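Reader: I am new to this structure and would like to go through it step by step. Could we begin with the interior and then move outward?

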Amino acid sequence: MAQFVLTLKAPVDRLNGFHLDKGYECTINIPVTGITPNNLFNNSRCKGPLLQQFKMNGIDLPQNDILYTNKGAWDIKMI
């Protein structure tokens, strides 16, 4: 299992009132082998577990939101 700490690089504001401050951190556990910070967001095997982990951390947005699809929004550290 791969475990990561994701830190938000910029504040996030959505039209539905959802807000996260810059520096927001969440821990993500991905039960898939071979996952690294470089392929966490662009690996099809991670999409479901990644969305589930975000929801567990209070981030519940549409599946195509940039927070779920672009690693550029996050500083990613493997622990």
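Reader: Which residues of the largest nonpolar core touch the most other members?
Author: In this predicted model, the largest nonpolar core has 25 residues, and those touching the most other members are Leu6, Ile30, Leu40, Phe54, Ile59, Leu67 and Trp74.

Reader: And which elements each supply at least two residues of this core?
Author: They are strand E1 (2-8), strand E4 (25-30), helix H1 (47-56), helix H2 (66-69) and strand E5 (74-78). The largest share comes from E1, with four residues.

Reader: What does Leu6 touch?
Author: Leaving aside residues up to four places away in sequence, Leu6 touches Tyr24, Glu25, Cys26, Ile28, Leu40, Phe41, Phe54, Trp74, Asp75 and Ile76. Of these, Ile76 in E5 stands opposite Leu6.

Reader: Turning to the sheet, what is the order of its three strands?
Author: The order is E4-E1-E5, in an open sheet with antiparallel pairing. E4 and E5 are the edge strands, and each of them pairs on one side only. On average, neighbouring strands of this sheet are turned by 25 degrees against each other, direction ignored.

Reader: Over how many bridges do E1 and E4 pair, and over how many do E1 and E5?
Author: E1 and E4 pair over six bridges, while E1 and E5 pair over five. Within the pairing of E1 with E4, Gln3 stands opposite Asn29.

Reader: Which side chains along E4 are buried?
Author: Cys26, Ile28 and Ile30 are buried and point to one face, whereas Glu25, Thr27 and Asn29 point to the other face and are not buried. In a regular strand the side chains alternate between the two faces of the sheet.

Reader: Where does H1 lie?
Author: H1 lies across E1, E4 and E5, and runs at about 145 degrees to E4. Its buried residues are Pro49, Leu50, Leu51, Gln53 and Phe54. These buried residues pack against E1, E4, H2 and E5. Just after H1 comes Gly58, with a positive phi of about 85 degrees.

Reader: A change of topic: where is Val32, and what does Val32 touch?
Author: Val32 sits in the loop between E4 and H1. Apart from residues up to four places away in sequence, Val32 touches Ala2 and Arg45. Val32 and Ala2 are 30 residues apart along the chain, yet their C-alpha atoms are separated by 6.8 Å.

Reader: Why does Val32 count as buried?
Author: Val32 counts as buried because its relative accessibility is 11%, and buried means under 20%.

Reader: How many salt bridges does a search of the whole structure find?
Author: The search finds three. In one of them the side chains of Arg14 and Asp65 meet at 2.8 Å, N to O. This pair links distant parts of the chain, 51 residues apart: Arg14 is in the loop between strand E2 (12-13) and strand E3 (19-20), and Asp65 is in the loop between H1 and H2.

Reader: Is Asp65 buried or exposed?
Author: Asp65 counts as buried, at 10% relative accessibility. Its partner Arg14 is partly exposed, with a relative accessible area of 25%.

Reader: Which other side chains meet in salt bridges?
Author: Asp60 and Lys55 meet at 4.0 Å, N to O. Asp60 counts as exposed at 51% relative accessibility, and Lys55 is partly exposed at 49%. Asp75 and Lys77 meet at 3.8 Å, N to O, and Asp75 counts as partly exposed at 33% relative accessibility.

Definitions and conventions
Residues are numbered from 1 along each chain as its sequence is written. This is a predicted model: local features need pLDDT of at least 70, side-chain atom pairs count only at pLDDT 80 or more; totals for chains, interfaces and linings use all residues. Side-chain values use heavy atoms; hydrogens and water are left out. A nonpolar core is a set of buried Ala, Val, Leu, Ile, Met, Phe, Trp, Tyr and Cys residues joined through side-chain atoms within 4.5 Å. Buried means under 20% relative accessible area, exposed over 50%, partly exposed in between (1.4 Å probe, protein chains only). Contact means heavy atoms within 4.5 Å. Two strands pair if DSSP finds at least two bridges between them. Axes are lines fitted to C-alpha atoms, for helices over the stretch in contact, and angles run from 0 to 180 degrees between N-to-C directions.
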